[in-house]
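Reader: I would like to go through this structure, beginning with the ligand and ending with the chain as a whole. Please keep the answers short.

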Amino acid sequence: MGAKGWFILKLLMFQGLFVSRPQEDFDFFYFVLQWPGAYCDTKRACCYPTSGKPAADFGIHGLWPNYNGGSWPSNCDPDSQFDRSQISDLVSSLKKNWPTLSCPSNEGFKFWEHEWEKHGTCSESVMDQHEYFENALKLKEKANLLQILTNSGINPDDGFYSLKKITNAIKNGIGFTPGIECNKDPERNDQLHQIYICVDTSGTEFIECPVLPRGRCPSQLQFSKF
Ligand code: AMP
C-alpha cells in the first residue's frame, strides 16, 4: 500500500474511534428512588395513578447522567422524542415500579416522557430508549431497598431513624454508600424522601459515588407511612 493508502486507512481507523464506539458524554448515573409517602404528604396535590394506589414501596424517580464535578447534562436531544411504542413490553412493570404521583391522575406516560427527555436523552451514547427504561427496572430489582431497610428494623411506620443507621443498612445491603435526601412533612419533620445510588456508565453496575448529592437530612429522620 502506498503512502496515500496508509493515510486513508489511518483516517478511517481514527474516525472509527468516534463513530463506532461513541464516548460517553457523562461520568456516571444517579439512580434515584423515591418514597411515595414523602412525595405525597408534602405536595398540595398528589394523585394516585389510574391503576390505583401504588404499593408501599420505593418507586423509581429516574436514572440521571451526572458529571463527577456534581453538575449534570439535561435535555440533550430534542430530536429523540419519547415513543411509547418502543417500551410497550415494559409498561406493566413501569406502572408498578415507576409510578406517577402527579395530578391529574394519569397512567404515567407523562412522567416517563419527562424523565426520558430531560435525562435519558443524555445517555443515548450508551443506551436507547428501551434500554434506558429496562436498565432502571433491573436496577430497582437489584437494589431491593425496602427489603434491605426492613431487614434492619427500619420500617415505614412514621418512626424516626438515624441517618447513619439508614445509610449503613443500605451500604451493607448493596455494597456502596447511598445518598439520602430528605424533605419536610407538613409538621416540618425531616423525612426520608429519596435515595441516590450511583451506577456506572453502562447503567447496570452499582459503584461508589464520585460525588454525593446534598441531601438536607439531619441526624434523625422520619420514615413516613404510605
Ligand atoms: P426531575 O425534573 O427529573 O429532576 O424531576 C423533578 C420533576 O419530577 C418535578 O416536576 C416533580 O414534580 C416530578 N416528579 C417527581 N416525582 C414524581 C412522581 N412520583 N410522579 C410524577 N412526577 C414526579
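**Ligand and chain**

Author: The model shown is predicted. By class, the shell around the ligand is made up of five nonpolar, six polar and two charged residues.

Reader: Which of the 13 residues around the ligand come nearest?

Author: A residue belongs to this group if one of its heavy atoms lies within 4 Å of the ligand. Of the 13 residues that surround the ligand, the nearest are H61, H114, E115, K118 and H119.

Reader: How far is an N or O atom in the side chain of H61 from an oxygen atom of the ligand?

Author: A polar contact needs a pair of N or O atoms within 3.5 Å. K118 has a polar side-chain atom 2.8 Å from an oxygen atom of the ligand. For H61, the distance from a side-chain N or O atom to a ligand oxygen is 2.8 Å.

Reader: Which residue has a backbone N or O atom 3.5 Å from a nitrogen atom of the ligand?

Author: Here the ligand atom is a nitrogen, and the protein atom is a backbone N or O. The distance is 3.5 Å, and the residue is P99.

Reader: What percentage of the area that the ligand exposes when taken alone does the protein bury?

Author: The ligand occupies the space of the second largest pocket. Taken alone, the ligand exposes 500 Å². The share of this area buried by the protein is 75%.

Reader: Which element gives the largest share of the shell around the ligand?

Author: The elements that give two or more residues to the shell are β2 (59-66) and α4 (109-118). The largest share is four residues, and these come from α4.

Reader: How many residues apart in sequence are the parts that the pair C47 and C103 ties together?

Author: The structure holds five disulfides, and one of them joins C47 to C103 with an S to S distance of 2.0 Å. A disulfide is a covalent bond between the sulfur atoms of two cysteines. C47 lies in the loop between α2 (36-40) and β2, and C103 in the loop between α3 (91-97) and α4, so the parts tied together are separated in sequence by 56 residues.

Reader: Why is the disulfide of C47 and C103 described by the hand that it is?

Author: The handedness is read from the torsion about the S-S bond. For C47 and C103 this torsion is about 100°, so the disulfide is right-handed.

Reader: In what pattern do the helices and strands follow along the sequence?

Author: The chain has seven helices and six strands. The C-alpha atoms fill a box of roughly 80 × 35 × 25 Å along the principal axes. Read along the sequence, the pattern is α-β-α-β-α-α-α-α-β-α-β-β-β.

Notes:
Residues numbered from 1 in each chain as written. Predicted model: local features only at pLDDT ≥ 70, side-chain atom pairs only at ≥ 80, totals over all residues. Heavy atoms only, no water. Polar contact = N/O pair within 3.5 Å; in protein donor to acceptor, adjacent residues only side chain to side chain. Areas by Shrake-Rupley, 256 points an atom, 1.4 Å probe, with all protein chains shown as cover. 1 Å grid on protein atoms, 1.4 Å probe; cavity = no way out; pocket = protein on both sides within 12 Å on 5 of 7 lines; lining within 4 Å. Sits in = over half its atoms within 2 Å of the grid points. Nonpolar A, V, L, I, M, F, W, Y, C, P; charged D, E, K, R; others polar. Disulfide = S-S within 2.5 Å.
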